[in-house]
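Me: I'm new to this one, so could you show it to me and then let me ask how its labels are earned?

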Amino acid sequence: MTVLQQMKVNLLNFRGTNSTTFTGRPQGQDVRKKLELDARDADPEPVELVIPSDTTSFNASFYLGLLYPSIKALGFDAFKEKYHLVFEDSTPKSIVRQLSEGERQAKNELQGLTGLGWL
Amino acid sequence: MKKVDYYREYVYRSKSLKPSRTKERGAYNPEKYQPSLPFKELAAYRTEQCYTKSYKLLRDKGFLNDDLVKDKLMVPHKLSFIENFQETFEFTKSFISSIYDVNGDLEVDFSRCSYVDIAPLLFICTMIQDYFKFAEKRLIALPGAAHKYAEVKFLPSKTYEVNRILYSLRILPTIERQENDKFLDVSTVGMIAEKKARRHFSENKKGPVCNKVRRYINNCVKKVGFMLSADGETAVDGWLSEVLNNAEDHSRIDEWYVAGISLHTRDFQEAISKQDGVIEVRLAIMNLGFSVYEGFEESSEGNHRVYDAMANAYDKLTEGLPTDEKQAYTRENIFTLYALQEGVSRIKYLEDSESRGNGTMNFIRAFLELGDYEDSSLNRKPLMSLLSGKTMVLCDNTYKPYADGTVYKLSLNSENDLKKLPDPEYLRGLPGHFPGTILETRLFFNKNHFLQKYDRATANEG
């Protein structure tokens, strides 16, 4: 039986060469597979994902590719308790805003809210 | 026993018995030894293998037309999909058809052209690069055939601004400097063509291209006395990378293209002395493949719940409209507008695609965050156009995405109501089908505006 331990991952390795942005749903999904987050969801230990210091953008598309299946599996509150996105260095407000944007879109998705909700 | 070296024996014998090649056949004659042409069918097969993916796609979509092949092409007075779609579209069709099939060289005359946009130039330059790739491959595949590159000669415009832009994009090799040149500088980020690569994170090119374009924009704004703050960099990166995600997702040939120029005019320079420097940046991002509407049509079976709802909504929206007005709002146009709404995606029904459908609204909102500086008196109006298939969606500060609860919508009408008809100036039906999607933007970066905006944001958060 594999025993999963508390996990701390620096996302720098997944940002790509000569890149300072995290973007793209497929890229987020690839990182998710690589980190085996599906298996981590079932484990009670918290997961800390470290955003490297010189990151200029952490897009909602990447956020959703990486974390939406966990949000869906755990529910938003349990997800927030388990997964911690932390900054390596200072906390850039612009990227905090991008993370909030990813969370807003994930919540809408959970509730089935879309721009065509009136149809 | 004597050992016999059979190999040496054979070499000696063959040398002594066989006359030398020169003695037997005379001096080497390159003409005599040109390889013969393969059979017609084989030549056609090999030529077909040399065509690039984008050429094949355009051909299969009926974009190329033998009747449009000419050796001299006159560029329309406005080369712009936004300002002059019909003529620009016909010109690009004729250009691409001609470059491959013209008998001899091709002359492209800009003399009547007084305005150019970056999107048609990106399309043309991409196709020229593609043509040369094809021609080089063909030379290798069919070495004996009498091939010749069709050389493309561009004749300059009478309008200096056009020539400066063409020169900066290396379409014109030289330019005569004009007295009282209104431009201090026209620079370019170049033409970038990249492929979708997903084998490893490090191979993905969206990040490096974002970096390159953002650094370019930063260098542009430095010329007018400021630089992007961390917030500004995040806004540019966030917008660009969402656009590139979209281009990569919708490209049928896994390729996407980017071009950009910045214009720095004298009146901008005068403004710098008043601490109000402005610089104009024009960018175009293109992918070839299916349009937004074609994507929905193709997945209509799997995505039937959303597709049927959109079809019903379209019927209701256009119910009772007079015929001519109904023709102005085709099913394709309205579906394209619906497709831009948050949380709407053609492949949402697929596994792992649940949270899709936010990218387009993300980049429209990010664009309007960057491009909210406007000065109509000096004709500085930011604009973003999305050209896809037979539809063009325009975004500026007139109609913006609005929040309805926690969801963002874009209705393109003053009522902010998707149940009402959009403004036909902002959702345009087009007479020709563009085989893919081009996103084109005009942005103005103003020093004071930027500083005030981010100071306000920081104060609000503080």
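Here are a few labels, each checked against its definition.

Reply: Before you ask: this is a predicted model, where local features need pLDDT of at least 70 and side-chain atom pairs count only at pLDDT 80 or more, while totals for chains, interfaces and linings use all residues. Residues are numbered from 1 along each chain as its sequence is written, chains are lettered from A in the order in which they are written, and side-chain values use heavy atoms, with hydrogens and water left out.

Me: Why is Lys206(B) called buried?

Reply: Buried means under 20% relative accessible area, exposed over 50%, partly exposed in between (1.4 Å probe, protein chains only). Lys206(B) has 1% relative accessibility, so it counts as buried.

Me: What makes the link between the side chains of Lys206(B) and Gln27(A) a polar contact?

Reply: The two side chains come to 2.9 Å. The term asks for a pair of N or O atoms within 3.5 Å; within protein, one must be able to donate a hydrogen and the other to accept it, and residues adjacent in sequence count only if both atoms are side-chain atoms. So the 2.9 Å pair fits that cut-off.

Me: How do you know that E1(A) and E3(A) pair?

Reply: Pairing takes at least two bridges found by DSSP. Four bridges join E1(A), residues 7–10, to E3(A), residues 47–51, and the strands run parallel. Strands here are DSSP runs of at least two residues, numbered from the N terminus. Within this pair, Asn10(A) stands opposite Val50(A).

Me: Which residues of E1(A) lie on its covered face, and which on the uncovered one?

Reply: Met7(A) and Val9(A) are on the covered face, Lys8(A) and Asn10(A) on the uncovered one. In a regular strand, side chains alternate between the two faces of the sheet.
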